[in-house]
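Hello! Here are a few notes to read with the structure open beside you. Take the points one at a time and find each residue as you go.

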Amino acid sequence: MSDLIDNTVSFIREYFETKDVIPLHVPRFIGNEKEYVANTIDSTFVSSVGAYVDQFEEMIAQKSQTTSGVAIVNGTSALQVALRLAGVKDGDEVLTQALTFVATANAIRYNRANPVFLDVDRDTMGLSPEAVKQFLEQYAEVREGGCYNTKTGNRIAACVPMHTFGFPVHLDELQAVCKEWNIPIVEDAAESLGSLYKGKPTGSFGQFGIFSFNGNKIVTAGGGGAIVTDEVEAGQHAKHLTTTAKKPHDYEYYHDELGYNYRMPNLNAALICAQLEQLDRFIENKRTLAGKYSDFFEKEGVTFRTENTDTKVNYWLMCVELEDRKQRDLFLEETNDKGIMTRPIWQLMYRLPMYENCFRDDQTNAEYLEDRIVNIPSSVYVK
Ligand SMILES: *Cc1c(COP(=O)(O)O)cnc(C)c1O
């Protein structure tokens with residue numbers, strides 16, 4: 001184990017060429033970022049309308065191969081609104097995974113709905129279509145008005161798969177089961193911008209997809225998010241809802257439903273436009289590092305997580321799978337001690353006080369991964 005730690009530390013230090021602390025993920029501004037941000041200041045359009053917001057909405061639709069993109073203030077709010085537009089209401093149930101970042105579950109709760117935590121697949125680390133199928137076969141019934149949980153009487157209003165660290169879930173199988181049970185999919189693709197499943201971008205498989213452009217994501221707006229969809233009217237409704245639901249008028253203030261101020265400022269849109277120009281380059285850079293990590297850890301006898309055959313992964317955050325909780329803790333302890341930032345995967349949602357009473361199935365795979373998965377430094381690095 002101490003050989004593994006020493007070799008890992010020197011491998012990472014050699015790659016990133018520094019003796020300083022090496023973070024998990026830092027943004028890189030090596031394109032037109034300064035120019036575009038300066039343009040917004042020169043134009044005075046730094047706030048909620050501006051040319052970069054429009055440009056960004058076109059770019060994100062194009063990158064995700066969808067017809068409509070809507071700029072949102074952050075990924076969590078994007079998911080909240082996408083769920084509302086998918087029809088999630090007070091008291092509904094939403095199927096998702098317990099192995100996720102807390103924002104996935106929070107966005108469900110903001111709609112006064114309850115997450116139902118189903119297991120993940122071991123290979124994708126994301127929502128298991130088989131677990132969804134088993135849950136529905138045991139509890140669900142399709143009636144007029146949708147799919148219902150026969151045990152609780154609540155409607156099962158949506159399914160939210162999350163593509164953990166950029167690894168796509170088994171989308172064909174998940175789409176098939178959700179279609180059979182008449183449940184819309186809202187993809188939490190916050191971590192998987194640019195990842196492909198059978199050649200098609202994640203975020204484009206559900207009724208809605210959402211992305212995050214927080215500072216730690218593969219590309220950043222400083223803070224930001226987006227909703228994408230192929231339903232043009234739903235896209236327009238998303239824009240309307242997130243811009244206070246104001247009816248366009250030369251001077252009157254009239255708002256026709258309860259909207260939100262979830263706009264992305266033009267200042268942030270300028271940054272993300274410049275970042276999106278770099279996305280393909282960033283992904284290639286990360287894939288090169290992933291290849292090097294893969295070779296290195298193979299020699300060390302440690303599993304480095306690589307993509308399934310029908311996917312192309314953006315490798316936003318790279319990870320290793322250690323033997324057990326004990327080895328994981330030792331690895332975390334010693335690498336962090338030596339200035340190499342490593343982090344465990346999230347604690348499962350039902351361990352958090354606000355979600356401890358939610359329904360969950362047998363979480364064998366989620367608990368297996370929770371004990372073993374560790375993220376390692378994954379930043380884009382240009383020599
Ligand atoms: C980052 C992230 C979000 C939320 O994004 P913010 O922009 O930080 O609100 C949602 N879900 C997942 C899985 C994330 O990793």
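1. Start at Lys217. In this predicted model, an N or O atom in the side chain of Lys217 is 3.2 Å from an oxygen atom of the ligand. Of the ligand's own accessible area, 380 Å², the protein covers 92%.

2. Next, look at Glu191 and Gly75. Glu191 brings a polar side-chain atom to 2.5 Å from an oxygen atom of the ligand. With Gly75 the backbone takes part instead: one of its N or O atoms lies 2.8 Å from a ligand oxygen.

3. How many residues surround the ligand? There are 14, and the closest are Gly75, Thr76, Glu191, Ser212 and Lys217. You have already met Gly75, Glu191 and Lys217, so do take a moment to find Thr76 and Ser212 as well.

4. What kinds of residue make up this shell? It divides into four nonpolar, seven polar and three charged residues. Two helices are worth colouring here: α4 (75-85) and α5 (102-110) each supply at least two residues of the shell.

5. Now step back to the space itself. The ligand takes up the space of the largest pocket, which holds about 480 Å³. Elements giving two or more residues to the lining of this pocket are α4, α5, β10 (208-212) and β15 (343-344). Which element gives the largest share? That is α4, with three residues.

6. Finally, look at the pocket wall. The lining has 29 residues, and those nearest the pocket centre are Phe101, Glu191, Asn216, Lys217 and Trp316. Two of these names should be familiar: Glu191 and Lys217 are also among the residues closest to the ligand. By type, the lining divides into 13 nonpolar, twelve polar and four charged residues. Try showing the shell and the lining in turn, and keep the two sets of counts apart: the shell has seven polar residues, while the lining has twelve.

Notes:
Residues numbered from 1 in each chain as written. Predicted model: local features only at pLDDT ≥ 70, side-chain atom pairs only at ≥ 80, totals over all residues. Heavy atoms only, no water. Near = heavy atom within 4 Å. Polar contact = N/O pair within 3.5 Å; in protein donor to acceptor, adjacent residues only side chain to side chain. Areas by Shrake-Rupley, 256 points an atom, 1.4 Å probe, with all protein chains shown as cover. 1 Å grid on protein atoms, 1.4 Å probe; cavity = no way out; pocket = protein on both sides within 12 Å on 5 of 7 lines; lining within 4 Å. Sits in = over half its atoms within 2 Å of the grid points. Helix = DSSP H or I, 4+ residues; strand = E, 2+ residues; numbered from the N terminus. Nonpolar A, V, L, I, M, F, W, Y, C, P; charged D, E, K, R; others polar. Points joined across faces, edges and corners; volume = space filled by probe spheres on them.
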